[in-house]
Amino acid sequence: MKSIVVLVSGNGSNLQAIIDACDSSITDGKVTAVFSNKAEAYALERAKNAGAAGVFLDPKAFDTRDAFDHELMRQMDEFKPDLVILAGYMRILSGEFVRHYMGRMINIHPSLLPKYPGLNTYQRAIHAGDEEHGTSVHFVTEQLDGGPVILQAKVPIFDEDTVETLTERVQNQEHRIYPMVAKWFVEGRLEMVDGKAAYLDGDLLSMHGYAPE
């Protein structure tokens, strides 16, 4: 059984989608622990309800980001993670942390990467007059939101859309594709090569990830 450790800062709806998938489609994986930098994060309750460890690590207890990440790594490694999932984890990761889990850490970002890395992607897409927005699952590298894309989902942007309505539409897709990518990884079908490229079933994925005919 593969160990999945999840990092979350908030509500944890993507975490819940992963937990639910581990009860159904991800037959060889289990969420063993959830770590959060926010004591009030509801994700910690979701973890405990699922029988996983829910751990709050307070950034204020550490003098530097590197010190915090070093302790986070130490505690995470007690669960021997085969896969690390970032699910709305709102901290910039240190280079040491990223390198430690390189090739086995994935993130989901609410844009069609490489478009709109960083924050406020919904507002940026609406203000730019884009016709579509979406979400991307990618391997994590030291470049912020710059690791190889694995899978994307697109949604239309309507004239009457607000940030809230667009967010809801995108998150609905996130809950579908994130468990799918986790399943691919747990099954050994997905890998990152040389920190630059994602491969699924031995085939190199394009810059926009898996796109079936």
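In this predicted model, strand 9 (residues 197-200) and strand 10 pair in the antiparallel sense, and two bridges hold the pairing. One residue pair can be named here: Y199 has L204 of strand 10 as its bridge partner. Both strands belong to an open sheet of three strands, ordered 8-9-10 and paired antiparallel. Strand 8 (190-193) and strand 10 (203-204) each have a single partner strand, so they stand at the edges and one side of each is left without a neighbour in the sheet.

There is also an open sheet of seven strands, with the order 3-2-1-4-5-6-7 and mixed pairing. Its edges are formed by strand 3 and strand 7 (149-156), each of which pairs on one side only. On average, neighbouring strands of this sheet are turned by 20° against each other, direction ignored. Within the sheet, strand 1 and strand 2 run parallel and are joined by seven bridges. As an example of the register, S3 has K30 of strand 2 as its bridge partner. Helix 1 (residues 13-22) packs on this sheet, where it touches strand 1, strand 2, strand 4 and strand 5. The direction of helix 1 makes about 160° with that of strand 2.

The loop between strand 1 and helix 1 contains S9. Is this residue buried or exposed? S9 has a relative accessibility of 11%, and because buried means under 20%, S9 counts as buried. Two polar partners of its side chain can be named. The side chain of N37 makes a polar contact with the side chain of S9 at 2.6 Å, and the backbone nitrogen of M90 lies 2.8 Å from a polar atom of the S9 side chain. Leaving aside residues up to four places away in sequence, S9 touches S36, N37, K38, A41, G88, Y89 and M90.

Helix 3 (65-77) can be followed next. This helix has 13 residues and spans 18 Å from its first C-alpha to its last, close to the 18 Å expected at 1.5 Å a residue. Its buried residues are F68, D69, E71, L72, M73, Q75 and M76. An α-helix has 3.6 residues a turn, so residues three or four places apart point the same way. What do the buried residues of helix 3 pack against? Their partners are strand 1 (2-8), strand 2 (29-36), strand 3 (53-56), strand 4 and helix 4 (95-100).

The loop between helix 3 and strand 4 (83-86) holds K80. K80 is not a glycine, yet its phi is positive, at about 45°. This residue is exposed, with a relative accessible area of 64%.

A further loop with backbone features of this kind connects strand 5 (105-109) and helix 5 (121-127), and P114 is found there. The peptide bond from L113 to P114 is cis, and its omega is near 10°. Y116 lies in the loop between strand 5 and helix 5 as well. Like K80, which has a positive phi without being a glycine, Y116 is a non-glycine residue with a positive phi, here about 55°. The surroundings can be set side by side: K80 is exposed, whereas Y116 is buried, with a relative accessible area of 14%.

Technical notes:
Residues numbered from 1 in each chain as written. Predicted model: local features only at pLDDT ≥ 70, side-chain atom pairs only at ≥ 80, totals over all residues. Heavy atoms only, no water. Helix = DSSP H or I, 4+ residues; strand = E, 2+ residues; numbered from the N terminus. Buried < 20%, exposed > 50% of the residue type's maximum accessible area, 1.4 Å probe, protein only. Expected span 1.5 Å × (residues − 1). Contact = heavy atoms within 4.5 Å. Pairing = 2+ DSSP bridges. Axes fitted to C-alpha atoms, helices over the stretch in contact; angles between N-to-C directions. Polar contact = N/O pair within 3.5 Å; in protein donor to acceptor, adjacent residues only side chain to side chain.
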